[in-house]
Amino acid sequence: MSAINITNVSKIYAGGVEAVKSVSIDIADGEFIVLVGPSGCGKSTLLRMVAGLETISKGTVEIGDRIVNTVEPAERDIAMVFQNYALYPHMTVYDNLAYGVKNRGTPKAEIDARVTEAARMLQLEKYLDRKPRALSGGQRQRVAMGRAIVRKPAAFLFDEPLSNLDAKLRVSMRGEIKQLQKRLGTTSIYVTHDQLEAMTLADRLVVLNGGEIEQIGRPLDVYHSPASTFVASFIGSPAMNLLRANREGNRLHFGSQTLETDRLSTLPTELTIGLRAEDLRIAQAGEQSLTLKIDYVEELGAQRLVHGNVDGKAITAALSPEIELADTIALTIAPSRLHFFDPTTGKRLPRPLDACTSTLPQATMLEPAAG
Amino acid sequence: MTHAPSLSPTSAAPTTAAGFFRRFRSAPSEPHFAKRVQFSSPFLPYFFLAPQMAIIFTFFYWPSVQAIQSSFYLEDPFGFGSTFVGISNYTDVLKSTEYLGIARFTAVFTAVVTFFSLAIGLLLAVKADGVIRGNATYKTLLIWVYAIAPPVAGLMGMMLFDQHIGPLVKFVALFGWDMKVGLNYTDTATAMIIVSIWKQIPYNFIFFLSGLQGIPVSVREAALMDCRSGFRRFRTVILPLLAPTAFFLLIINTTYALFDTFGVIDVMVKDKAANNPITLVYKVYMDGFRGNDLGGSSAQSVILMIIVFVLTIFQFRFIERRVHYS
Amino acid sequence: MQRAKLFDHVILLMGVFIMIGPLVVALMTSSHEAADIHRNGLSILPGGHFVETYQTVLTKQGGFTGKITGLRMMMNSLILGLGFAAGKIILSMLAAYALVYFRFRFATITFWMIFTTLLLPLEVRILPSYEVMNTLHLTNTYTGLIVPLLASATGTFYFRQFFKSIPDELLEAARIDGAGPFKFFIDVIVPLSKTMMAAIFIIMFVYGWNQYLWPTLMTTDESFFTLVRGIKQILLVWVGSNIPDYNEAFALAILAMLPPVMIVMIFQRWFIKGLTESDK
């Protein structure tokens, strides 16, 4: 078990394409880090550089106190779980589990003990004599996990290990991975494109985009204070609504519609405003609001996703199914729930209201600027 | 989707450049040594490649270069060295009416053999694909002949077309055709062509059948709903989907007819090539080993190399464009 | 509908008759006496001399030098078939392994040098090949019979395709598990290639067994004759004599086709798979 320090790591391919751009992450011993981002964001490349499957173009990777840039994968004291499991199809489950430790010259009794232990932990005892093709998807996934556990590595590396499973199995395996990692206390790096998986598993999230880190933080911090419009739209489902707005004094103009709150004067006049679907609610009579023209509705049971537009700009609101809907509805949001971003850089702007959320006055009603 | 089979060694094996090219092009973005992770070692890859490379150099590149070289020389008949004669070996060959006659026969022979072995192979494959009962048995029985060597097939042909005991000779005699294989040019050619077709049918059958079975059931069902006429369905849906297979087989069959029929011909003309039809490859052999004309034979070899090369490129470039790859 | 099916069967049965008929006739006729065949023509019914014909063919000293028997020819064919198939698999697996799993400087040029061999069949370079064999003193040897036939890239091509279809992650997992190039080859690649090797072995065995032109050039010493090579000798004898030994000729033809036909039949599934799906 050990800490992993990734310092200014870059990956530059032969053609000059920079897949990872000077990324630094310090991972504490026993921490569960999730690298999340859309495909092509460099998350897998980064993981594979830690594993030693890709060369590191610039920067250093330390596992424990050892810089491992030039160390062979087998010598890095890591174990990896692959998306397609990469089980050896011609070996039994037992041999699959044992192969790595066997190659390290571990004594037979020790191998046997470790394999048995891992098989017990993962409920694979009954399947040890089977070949991978005689196993179900979930069982194969467990074997892949077992192969990692048997090695007792300093770190687990997971490369989208659940994406080949069906939705239900994915949820239960997610739980198992989390529990197992907590029990073993092994430092883990987990790559996924699924933000829900990232939120539920991570001690800390690393959101990557275009080879760069957008944000590192605990899942709820990232959710509540996304560092950029990219993170805002990537983390959370449905994605955060992002609208361009002009600020005039304390008024925010969204096209022809306007919201007024206070203490906005420190912000620039051009803004991108972020509104979480679940923060939007139906305006009471007399409250200021935005008029949403409903396009279509998705029923999720506990929730109802209302998709519509405000002056032609798409907005999604998560509302209770009890609320009756008309063709248009008036939506409002607590000022403290507004997110502000710089419209050119996409970076988060500090919320001027943060300091005094408790004393915030109710926004007062305003005539809509136009019909 | 229908995945056309692409390469195959058989008697026609070593010339499957077309299949190779097609496969190679099907993934153009991918470098040909496509593994994300590879070993890097200063000498191991050379160690693994050494045996193959040694053999290729000794038995492929060396003789190929020699063929080209000696095609420009005239060998002294008594073995006292050789003289450089430029392209006169080539002009001699190309001016010879005998050679041009053989070339003409080779072209006809190749076209006829290719056409009929493809057509019969396709017919049998379509029928075998259509019947449910006995499907496996038909398949087994129809592919046996694949395993028979061309000269053995030639021997079987000699037996069936034997002057004295051959049942086929007796059969055509009923129609007043006095067939004299080995004596009459046309009769020998006919027999050679029939045997060569016979030998190649199983190969085409195997590939067409596997191509047909690769067509997804859903596509057939969709066609069933869109089109009432069975023949039309075959022509408009099945046949285009078989096109990659057919294209591949066209090349294989052409090279088969050009080269692999050597055994059939050698057995059937029984060294009496004089008044019998032979192909270009057989002529190379005759001139080189019987006639001891090293320069002329080499020039012919080089001409054949060029023909093969051009044919491959031609078929690849022009025919492939009209073929639907899914 | 029913009539259409019947028609299909008629066509297929005709196909079977054309394909199998000659083989049956050859087998049956070989069990008759030569004089009987000479008198009554070919036969589709078994005669009573099956055992003695085959015994004669297998053991009689024949040929011009009188030192070659059918058994000896059969053994030579077997050596050629097995040697060729085994050689092909070993060479091409190693070469394909290097091409797919290694990064090295001359990879591209090596690749093209190997695959150029697909363009030109042996038949267009027979004479110079023969000269080379003479220079190397390899005529009338098993080495000379087998090794030059290996100078084509078909097998390498097959294995390269197959290796490329093996998921990359397997190599990555193996590297994390501490397997080097040799260990990975032995522990993973070879066992994974078993079916592929079997399929290629069958195809190559048939190909090697059926070689004609090359053995014809390479072997003048009759003790190196293969069955297929011997066919022409059979015919020369047949043509020359008064009452040709039809029965023995047929018996030899049957012997020459029996092993490859049996192999194709028994391993039909692998054989077709190897032939048509070498890319999977």
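In this predicted model, the axes of helix α11 (residues 194-209) and helix α14 (residues 246-266), both of chain C, come within 10 Å and cross at roughly 165°. Since angles over 145 degrees count as roughly antiparallel, that makes α11(C) roughly antiparallel to α14(C). The crossing itself is left-handed. On the α11(C) side, the residues that meet the partner helix are Ile202(C), Phe205(C), Val206(C) and Trp209(C). They come up against Pro259(C), Pro260(C), Ile263(C) and Val264(C) of α14(C). Sorted by class, this contact is a plain affair: eight nonpolar residues, with no polar and no charged ones.

Moving from a helix pair to a chain pair, 93 residues of chain B are in contact with 90 residues of chain C. On the chain B side, helix α2 (residues 44-70) gives the most, putting in 17 residues. The residues on that side of chain B split into 62 nonpolar, 25 polar and six charged. So, what does the class count look like for chain B where it touches chain C, compared with the α11(C) and α14(C) contact? Polar and charged residues do turn up on the chain B side, 25 and six of them, whereas the helix contact within chain C has none of either.

Chain A brings in a sheet. Six strands form an open sheet in the order β6-β7-β8-β3-β9-β10, and the pairing is mixed. At the edges stand β6 (78-81) and β10 (212-217) of chain A; each has a single partner strand, so one side of each is left without a neighbour in the sheet. From one strand to the next, the twist averages 15°. In general, strands of a sheet pair through backbone hydrogen bonds, either parallel or antiparallel. For β9 (residues 204-209) and β10 of chain A, the sense is antiparallel, and the pairing runs over five bridges. Within this part of chain A, Asn209(A) stands opposite Glu212(A), the latter in β10(A).

Chain A also has a short story to tell about a helix. Is helix α1 (residues 43-51) of chain A enclosed or open? Nine of its nine residues are buried, so α1(A) is largely enclosed by the rest of the structure. The buried set takes in Leu46(A), Leu47(A), Met49(A) and Val50(A), and it also includes Lys43(A) and Arg48(A). Ser44(A), Thr45(A) and Ala51(A) are buried too. Just after α1(A) comes Gly52(A), which takes a positive phi of about 90°.

Key: Residues are numbered from 1 along each chain as its sequence is written. Chains are lettered from A and ligands numbered from 1 in the order in which they are written. This is a predicted model: local features need pLDDT of at least 70, side-chain atom pairs count only at pLDDT 80 or more; totals for chains, interfaces and linings use all residues. Two residues are in contact if their C-beta atoms, placed from the backbone, lie within 7 Å. Helices (H or I, at least four residues) and strands (E, at least two) are DSSP runs, numbered from the N terminus. Ala, Val, Leu, Ile, Met, Phe, Trp, Tyr, Cys and Pro count as nonpolar, Asp, Glu, Lys and Arg as charged, and the others, Gly among them, as polar. A residue is buried if 20 or more other C-beta atoms lie within 10 Å of its own, exposed if 12 or fewer, and partly exposed in between; C-beta atoms are placed from the backbone. Two strands pair if DSSP finds at least two bridges between them. Axes are lines fitted to C-alpha atoms, for helices over the stretch in contact, and angles run from 0 to 180 degrees between N-to-C directions. Angles under 35 degrees count as roughly parallel, over 145 as roughly antiparallel, 65 to 115 as roughly perpendicular and the rest as oblique. A crossing is left-handed if the near helix is turned anticlockwise from the far one by less than a right angle, and right-handed if clockwise.
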